Amino acid sequence: PHLNVTHYLRQHIRTVPNWPAPGVQFRDITPLLQNPKVFRVLIDAFVQRYMDPALRPDVVAGLDARGFILGSVVAYELGLGFVPIRKKGKLPFTTVEETYELEYGSATVELHADAVQPGDRVLLIDDLIATGGTMMAGKKLLEKLGASVMEGAAIVDLPELGGSARLRASGLPLFTLVDFG
Ligand code: PRP
Ligand code: ADE
């Protein structure tokens, strides 16, 4: 991304110390959404990248819950469909599921079995990559259905937690806008 976009967005991310647990510096993206000018710069940074015919996905998948806010708007602007990857127990139809570890705790995510088709090239979106566990679980779910993840995208990367390096080492290209060390 253009350095100015990174700099501009960084100024609108709020850091909350010791939330939701002692020692966690929570990077709160809600101020980015609250300001209409900033929200547009944010969404356009993703849309401009994925409207390039060489990088255009077939479908956009978003990770519960903050990945829904970004992913659905990006999908809409690209003229693509959106599929939600949800925390366990929320999706009503037949699902595939995957359990993983978080920076704080563990979780299971689910995807509707008919959400993507074999061979689909999926863009997987979340707000933030910490340990990378959430995005890795999402990638595994999509792959269980025969789709491939063409790229993972997030606003924030926390590189010191090693998640983005692990995801890239697994063969997943990543696009992120702001690093917090
Ligand atoms: C946060 C964040 C990512 C994930 C990143 O979600 O929105 O989805 O953690 O962490 P990881 O890279 O270590 O997996 P959280 O589980 O807090 O849920 P929420 O979106 O419902 O708040
Ligand atoms: N998800 C996991 N770790 C996080 C952090 N430090 N800030 C915001 N969301 C997170």
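Two rings of Phe, Tyr or Trp (for Trp, its six-membered ring) make a pair here if their centres lie within 6.5 Å. By that rule, this predicted model has 4 aromatic pairs. Let's visit some of them and then wander outwards.

**Stop 1: Phe 46 and Phe 175.** Select Phe 46 and Phe 175 and show their side chains. The ring centres are 6.0 Å apart and the planes meet at 80 degrees, so this pair is edge-to-face, since planes over 60 degrees apart count that way. Now colour helix 3 (residues 36-50), home of Phe 46, and strand 10 (residues 174-179), home of Phe 175. The two parts are 129 residues apart in sequence, so the pair ties together distant bits of chain. Are these two rings buried or exposed? Both Phe 46 and Phe 175 are buried. Add Tyr 50 to your selection: ring pairs link Tyr 50, Phe 46 and Phe 175 into a cluster.

**Stop 2: along strand 10.** Stay with strand 10, where 5 of the 6 residues are buried, so the strand is largely enclosed by the rest of the structure. Bring up strand 9 (148-157) as well. Strand 9 and strand 10 run parallel and pair over 5 bridges. You'll find Ala 153 standing opposite Phe 175, the residue of strand 10. To see how the chain gets from strand 9 to strand 10, follow it through helix 6 (residues 163-169); this β-α-β crossover is right-handed.

**Stop 3: Phe 68 and Phe 82.** Next, pick Phe 68 and Phe 82, another aromatic pair. This one is edge-to-face too, with 6.1 Å from centre to centre and 85 degrees between the planes. Phe 68 belongs to helix 4 (residues 66-78) and Phe 82 to strand 4 (residues 82-87), 14 residues apart. How do they differ in accessibility? Phe 68 has a relative accessible area of 19%, so it is buried, because the cut-off for buried is under 20%. Phe 82, at 28%, is partly exposed.

**Stop 4: helix 4.** Select the whole of helix 4: it has 13 residues and spans 19 Å from first C-alpha to last, close to the expected 18 Å. Its buried residues are Gly 67, Phe 68, Leu 70, Gly 71, Val 74, Ala 75 and Leu 78. An α-helix has 3.6 residues a turn, so residues three or four places apart point the same way. Which elements cover the buried residues of helix 4? Among them are helix 3, strand 3 (59-63), strand 4, strand 7 (121-125) and strand 9. Just after helix 4 comes Gly 79, with a positive phi near 75 degrees.

**Stop 5: strand 4 and its partners.** Strand 3 and strand 4 run parallel, joined by 4 bridges. Click on Ala 61 and you'll find its bridge partner, Val 83, in strand 4. The chain goes from strand 3 through helix 4 to strand 4, in a right-handed β-α-β crossover. Strand 4 also pairs with strand 6 (residues 106-112), this time antiparallel and over 2 bridges. Look for Arg 86 opposite Glu 110 of strand 6.

**Stop 6: His 112.** Still in strand 6, select His 112. With a relative accessibility of 18%, His 112 counts as buried. What is it in contact with, leaving aside neighbours within four places in sequence? The contacts are Leu 91, Pro 92, Phe 93, Thr 94, Thr 95 and Leu 145. Draw a line between the C-alpha atoms of His 112 and Pro 92: they are 20 residues apart along the chain and 8.3 Å apart in space.

**Last stop: Arg 10.** Finish at Arg 10, which lies over the face of Phe 180, at 5.1 Å from the ring centre.

Notes. Residues numbered from 1 in each chain as written. Chains lettered and ligands numbered in written order. Predicted model: local features only at pLDDT ≥ 70, side-chain atom pairs only at ≥ 80, totals over all residues. Heavy atoms only, no water. Phe/Tyr/Trp six-rings, centres within 6.5 Å; stacked < 30°, edge-to-face > 60°. Buried < 20%, exposed > 50% of the residue type's maximum accessible area, 1.4 Å probe, protein only. Lys NZ or Arg CZ within 6 Å of the ring centre and 35° of its normal. Expected span 1.5 Å × (residues − 1). Contact = heavy atoms within 4.5 Å. Pairing = 2+ DSSP bridges. Right-handed = clockwise from strand over helix to strand, strands pointing away.
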